[in-house]
Amino acid sequence: PKTINAYHVHHKGGQILMVTGGRGWYQEEGKPAQSLKPGDVVTIPAEVKHWHGAKANSWFSHLAVECPGEHTSNEWLEPVTDEVYCTLEEA
C-alpha cells in the first residue's frame with residue numbers, strides 16, 4: 001500500500017502497463033489520476049511525464065513493458081509528493 005514511483009519519462013519508446021493485481025493509480029502530469037484494477041492496460045506514449053503506483057489501502061502488481069525504438073532512454077524525475085498523492089480520491 002502507498003508504494004509509488006517518481007515521475008518519469010520514456011524517451012523515444014513509451015511504455016505499456018498491464019495491471020495484474022491489487023489497486024493502483026496512473027497519472028500524467030497536469031491530468032487527473034486514473035484508478036487502476038486487474039485487467040487494465042495503459043499505453044503511455046513517449047515523452048509523457050507520469051507516475052504509477054499502489055493506492056493507499058491496497059497492494060498493487062503490474063507489468064511494465066518498454067516499447068522498442070532507436071536510442072530509447074528513461075529519465076527519472078522528482079518524487080510524487082504526499083501533497084499530490086493525498087489529494088487522490090479512492091475509487
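1. Starting with the sheet: strand E2 (residues 15–22) runs antiparallel to E5, and four bridges hold the pairing. For the bookkeeping, strands (E, at least two residues) and helices (H or I, at least four) are DSSP runs numbered from the N terminus, and two strands pair if DSSP finds at least two bridges between them. If you want one contact to look at, Leu17 has Val42 in E5 as its bridge partner.

2. Before going on, a word on what this is: a predicted model, where local features need pLDDT of at least 70 and side-chain atom pairs count only at pLDDT 80 or more, while totals for chains, interfaces and linings use all residues. Residues are numbered from 1 along each chain as its sequence is written, and side-chain values use heavy atoms, with hydrogens and water left out.

3. E2 also pairs with strand E7 (residues 60–66), again antiparallel, through seven bridges. Gly21 is matched there with Ser61 of E7. Put together, this gives an open sheet of three strands in the order E5-E2-E7, with antiparallel pairing. E5 and E7 are the edge strands, each pairing on one side only. On average, neighbouring strands of this sheet are turned by 20° against each other, direction ignored; the axes behind that angle are lines fitted to C-alpha atoms, and angles run from 0 to 180 degrees between N-to-C directions.

4. Now the charges. A salt bridge here is a side-chain nitrogen of Lys or Arg within 4 Å of a carboxyl oxygen of Asp or Glu, and the count by this rule is five. One of them is Asp82 with Lys2, where the closest N and O atoms are 3.3 Å apart. Asp82 sits in helix H1 (residues 82–85) and Lys2 in the segment before strand E1 (8–11), so this pair ties together parts 80 residues apart in sequence. Lys2 is partly exposed, at 37% relative accessibility; the classes are buried under 20% relative accessible area, exposed over 50%, and partly exposed in between (1.4 Å probe, protein chains only).

5. Glu28 and Lys31 form another salt bridge, 3.1 Å from N to O. What are the accessibilities of these two? Glu28 is buried at 14%, whereas Lys31 is partly exposed at 48%.

6. Glu29 and Lys49 also meet in a salt bridge, at 3.1 Å from N to O. Glu29 is in the loop between strand E3 (24–28) and strand E4 (34–36), and Lys49 is in the loop between E5 (41–44) and strand E6 (50–54), 20 residues apart. Glu29 is partly exposed at 48% relative accessibility. Shared salt-bridge partners join Glu29, Lys49 and Glu78 into one network.
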